[in-house]
Amino acid sequence: MTTAPRRLTLLAAAWVLTACGTPGGSPDPEQTAVDPAPSASPSSSPSSSPSSSLPAGAAVTHAVADLAASLGVDPDTVEVVAVEGVTWRDGSRGCAEPEMAYTQAVVEGSRITLRVGSRTYAYHAGTSGRPTRCDHPTQ
C-alpha cells in the first residue's frame, strides 16, 4: 500500500507526463485505457459541473475520493492507472446520455482511469468542474 504523500507525487508525475501529449503533436482523442471498444449505447448520467476550475491533481484526488466513497473502500485501495489529456468531441465529455442535448464544441479535458481490485473505472473531466464517473464511455 502506498502512503498518501507518495500517491500524490505519483499522481502529479502521471499528470505531467500525460499532459505533454504524444511527440510532435497533441494527445490522441480516440485513445482509451479503459475499454478499447467502448459501448455504442451510453447510459451513464453526466452530472453538472461547478463553474470553478480544478487543478489537474485536484481532479485526480476528487476522482479517487469519489470512487472510494461510492464503493465503500479506503482511498488507499484505489490505484490510478492512467491520466490522459483528451479533446472531447462535445459537451458530453465522452459520456453522452440518450435524449440529452450537449454543446457542439470541442472540450479540452482529461480521462482518469482508476482500478480497485481487478475492475477499472473511468472518470471524464473538462478543464473546469469535477470529473464524473463514466461507466459507459462513448468516446
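These legends go with several close-up views of one predicted model.

The model is predicted, so local features need pLDDT of at least 70 and side-chain atom pairs count only at pLDDT 80 or more, while totals for chains, interfaces and linings use all residues. Residues are numbered from 1 along each chain as its sequence is written, and side-chain values use heavy atoms, with hydrogens and water left out.

**View 1. The sheet, strand by strand.**
Here is an open sheet of 4 strands in the order 1-2-3-4, with antiparallel pairing. Strands are DSSP runs of E with at least two residues, and helices are runs of H or I with at least four, numbered from the N terminus. Two strands count as paired if DSSP finds at least two bridges between them. Strand 1 and strand 4 are the edge strands, each pairing on one side only.

**View 2. Strand 1 against strand 2.**
Strand 1 (79–88) and strand 2 (107–116) run antiparallel and are joined by 9 bridges. One contact to pick out is Val86, whose bridge partner in strand 2 is Gly109. On strand 3, Gly109 stands opposite Gly126. Of the 10 residues of strand 2, 7 are buried, so this strand is largely enclosed by the rest of the structure. (Buried means under 20% relative accessible area, exposed over 50%, and partly exposed in between, with a 1.4 Å probe and protein chains only.)

**View 3. The hairpin of strand 2 and strand 3.**
These two strands run antiparallel with 8 bridges between them, and they form a hairpin with 2 residues in between. In the turn sits Gly117, with a positive phi of about 65°. Among the bridge partners, Arg115 goes with Thr120 and Thr113 with Ala122. Strand 3 (residues 119–126) has 6 of its 8 residues buried, so it too is largely enclosed by the rest of the structure.

**View 4. The hairpin of strand 3 and strand 4.**
Another antiparallel pair, this one is joined by 2 bridges. The hairpin leaves 5 residues between the strands, and Gly129 in the turn has a positive phi of about 80°. Look for His124, which stands opposite Thr132 in strand 4.

**View 5. The disulfide.**
A search of the whole structure turns up 1 disulfide, meaning a pair of cysteine sulfur atoms within 2.5 Å. Cys95 and Cys134 form it, with their sulfur atoms 2.2 Å apart. The torsion about their S-S bond is about 105°, so the disulfide is right-handed. Cys95 lies in the loop between strand 1 and strand 2, and Cys134 in the segment after strand 4 (132–133), so the pair ties together parts that are 39 residues apart in sequence. Both ends are tucked away: Cys95 is buried at a relative accessible area of 1%, and Cys134 is buried at 3%.

**View 6. Positive phi in the loop between strand 1 and strand 2.**
Arg93 is found in this loop, and its phi is near 55°, a positive value in a residue other than glycine. Glu99 is in the loop between strand 1 and strand 2 as well, with phi near 65°, again positive in a residue other than glycine. Which of the two is buried, and which is exposed? Arg93 is buried, with a relative accessible area of 8%, whereas Glu99 is exposed, with 85%.
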